[in-house]
Amino acid sequence: MAMNIKRPNGTEDVLPKDVYKWNTIEKIARDTAESFGFSEIRIPTFENTELFLRSVGETTDVVQKEMYTVKAKETEFTLRPEGTAGTIRAMLQNGLLNEALPQKVFYMLSCFRHERPQAGRLREFHQFGVEMAGSPAPSADAEVILLAKTLLDRLGLKNIELHVNSIGCPECRAKYHKALREYFEPHKEELCDTCKERLVKNPMRLLDCKSPICKEIGKDAPVILDYLCDECKDHFEQFKSYLAKLGVDFIVDPKIVRGLDYYTKTVFEFITTEIGAQGTVCAGGRYDGLIEQLGGQHIPALGFGMGFERLLLVMDKQGCEYLTPKKCDIYFATMGDAALEKAMELVKGLREFGYRAEYDLMGRGVKAQMKYANKIGAVYTMVIGDNELNDGKARLKEMESGEEKEMLLNEKFTANFENEYFNKILDVIDDENQSMFAFTGEDK
Ligand code: ATP
Ligand code: MG
């Protein structure tokens with residue numbers, strides 16, 4: 001019967017032929033975060049719905065339209081639409097915030113939002129993100145941005161603009177909300193239904209509306225930077241001067257308000273124009289009230305989330321290089337059961353030393369086995385049959401050059417193979433003067 005069950009709209013399969021791209025981002029992200037002193041955290045895929053209502057905010061798109069809320073037996077849960085709420089919840093619940101501050105964690109996880117699927121906008125997507133808890137200082141804002149920037153650079157991304165803004169504290173926000181209400185009130189009837197509600201409950205959300213009409217109306221709306229209190233203003237100035245000192249270029253962009261309610265003071269986005277409308281590859285900021293909002297002490301926090309799928313779109317578009325997957329180092333083509341058993345024994349030793357070693361599992365003839373070895377890109381092959389078993393030696397063939405070398409099938413096999421393998425690498429370095437740990441383009 002033909003398989004006719006397809007994956008749900010807005011989800012993606014990552015096939016073995018592409019997974020090295022994900023591995024590249026994961027490895028570089030992990031290394032970068034660790035070099036900044038962040039440790040990994042893993043949290044559940046679903047949480048109590050209440051967590052997101054209290055953190056992300058009831059008037060946001062995420063909560064109003066995008067959450068996957070499921071009822072299992074009598075209890076209701078929501079698949080995490082983002083990583084911050086769950087991470088802060090875990091830090092609180094496990095007492096991490098009672099330990100030495102700042103606490104610095106990073107995560108790589110999938111998020112779920114019921115959005116209209118399009119390039120760079122999925123219903124299940126993946127984020128790398130960091131959270132730092134404990135520091136109110138603008139140096140922390142600069143540090144978190146430097147981490148994101150360092151990662152983007154290490155991935156080889158170009159032409160990504162950093163847009164920064166400050167959306168102040170609740171005090172400056174109150175004055176700003178008043179100004180926004182006065183500005184939008186005369187246009188009330190033209191606003192979309194959601195924005196009519198936002199005007200009452202959360203006017204800053206109006207600036208985040210994706211409807212072209214609301215966008216047009218909001219074009220000349222007052223900007224938050226004119227309403228910052230002295231403390232928020234100083235914080236923003238100091239933050240910008242750290243960025244400048246660190247050599248991180250940025251653009252002050254008062255339009256950035258972010259799509260989640262928990263932000264205060266610094267907000268930022270890394271934006272590219274190269275992948276269409278979904279150009280924000282990384283977004284984050286400070287959320288000084290969030291921990292308290294979730295029942296903790298008053299501990300300031302900040303962080304960002306970076307979307308893997310969007311990163312990959314840009315990396316592919318820009319021809320960025322990926323860490324290449326390891327191919328089969330050696331494939332044993334065998335004739336007969338005794339030869340197969342010999343191959344099993346040799347492979348065991350090789351694998352212990354980290355080589356990728358394989359043999360026939362299909363019961364094919366030698367010719368078909370060699371064809372398979374070619375297909376999987378085996379670097380070396382070795383044919384073993386009755387003659388080789390009797391002689392106690394076989395020929396190691398280097399597939400690219402076709403060169404062959406006799407090797408004993410004894411307990412020194414792994415060591416001898418290692419020697420051959422290492423010499424080949426040295427030859428490659430001599431010949432092409434390229435690094436032994438070379439990055440190569442994706443089509444190689
Ligand atoms: P957008 O304005 O594009 O909807 P957002 O403000 O909802 O983004 P955040 O909640 O800040 O996004 O998420 C951080 C990052 O996660 C985004 O910058 C983006 O890279 C990625 N992201 C968010 N939503 C999606 C999605 N539906 N599909 C793929 N990536 C996403
Ligand atoms: Mg969104």
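Me: Where do the two domains lie along the chain?
Reply: Domain bounds come from an automatic or database domain assignment. Here that assignment gives domain 1 as 19–169 + 229–318 and domain 2 as 330–430. Taken over C-alpha atoms, the centres of domain 1 and domain 2 are separated by 48 Å.

Me: What should I keep in mind about the model and its numbering?
Reply: This is a predicted model, in which local features need pLDDT of at least 70 and side-chain atom pairs count only at pLDDT 80 or more, while totals for chains, interfaces and linings use all residues. Residues are numbered from 1 along each chain as its sequence is written, chains are lettered from A and ligands numbered from 1 in the order in which they are written, and side-chain values use heavy atoms, with hydrogens and water left out.

Me: Thanks! In what order do the strands of the open sheet stand?
Reply: Let's start with the terms: helices (H or I, at least four residues) and strands (E, at least two) are DSSP runs, numbered from the N terminus. Two strands pair if DSSP finds at least two bridges between them. In this case 3 strands form an open sheet in the order 2-4-3, with antiparallel pairing. Strand 2 (46–48) and strand 3 (69–72) are at the edges with a single partner strand each, so one side of each lacks a neighbour in the sheet. Strand 3 pairs with strand 4 (residues 75–79) over 4 bridges in the antiparallel sense, and threonine 69 has threonine 78 in strand 4 as its bridge partner.

Me: How many salt bridges are found in the whole structure?
Reply: A salt bridge is a side-chain nitrogen of Lys or Arg within 4 Å of a carboxyl oxygen of Asp or Glu. A search of the whole structure gives 32 of them. One of them joins glutamate 50 and arginine 54, at 3.6 Å from N to O. These two residues are 4 apart in helix 2 (residues 49–55), which means that about one helical turn separates them.

Me: Are the partners in these salt bridges buried or exposed, and what are the cut-offs?
Reply: Buried means under 20% relative accessible area, exposed over 50%, and partly exposed in between (1.4 Å probe, protein chains only). Glutamate 50 is partly exposed at 43%, and arginine 54 is partly exposed at 39%. Now look at aspartate 288 and arginine 286, whose closest N and O atoms are 2.8 Å apart in a salt bridge. Aspartate 288 counts as buried at 11%, and arginine 286 is buried at 0%.

Me: Which salt bridge links distant parts of the chain?
Reply: Try lysine 424 and glutamate 398, with closest N and O atoms 3.5 Å apart. Lysine 424 sits in helix 15 (residues 413–432) and glutamate 398 in strand 15 (residues 393–398), 26 residues apart. Glutamate 398 is buried, with 14% relative accessibility. There is also a network, in which salt bridges with shared partners join Lys393, Arg395, Glu404 and Glu406.

Me: Finally, which backbone angles deserve a look?
Reply: Most residues other than glycine have a negative phi, and most peptide bonds are trans. Lysine 73 has a positive phi near 55°; this residue is in the loop between strand 3 and strand 4 and is exposed at 79%. Asparagine 159 also has a positive phi, near 55°, in the loop between helix 5 (138–154) and strand 7 (161–166). Leucine 101 and proline 102 are joined by a cis peptide bond, with omega about 0°. Proline 102 lies in the loop between helix 4 (84–93) and strand 5 (103–112).
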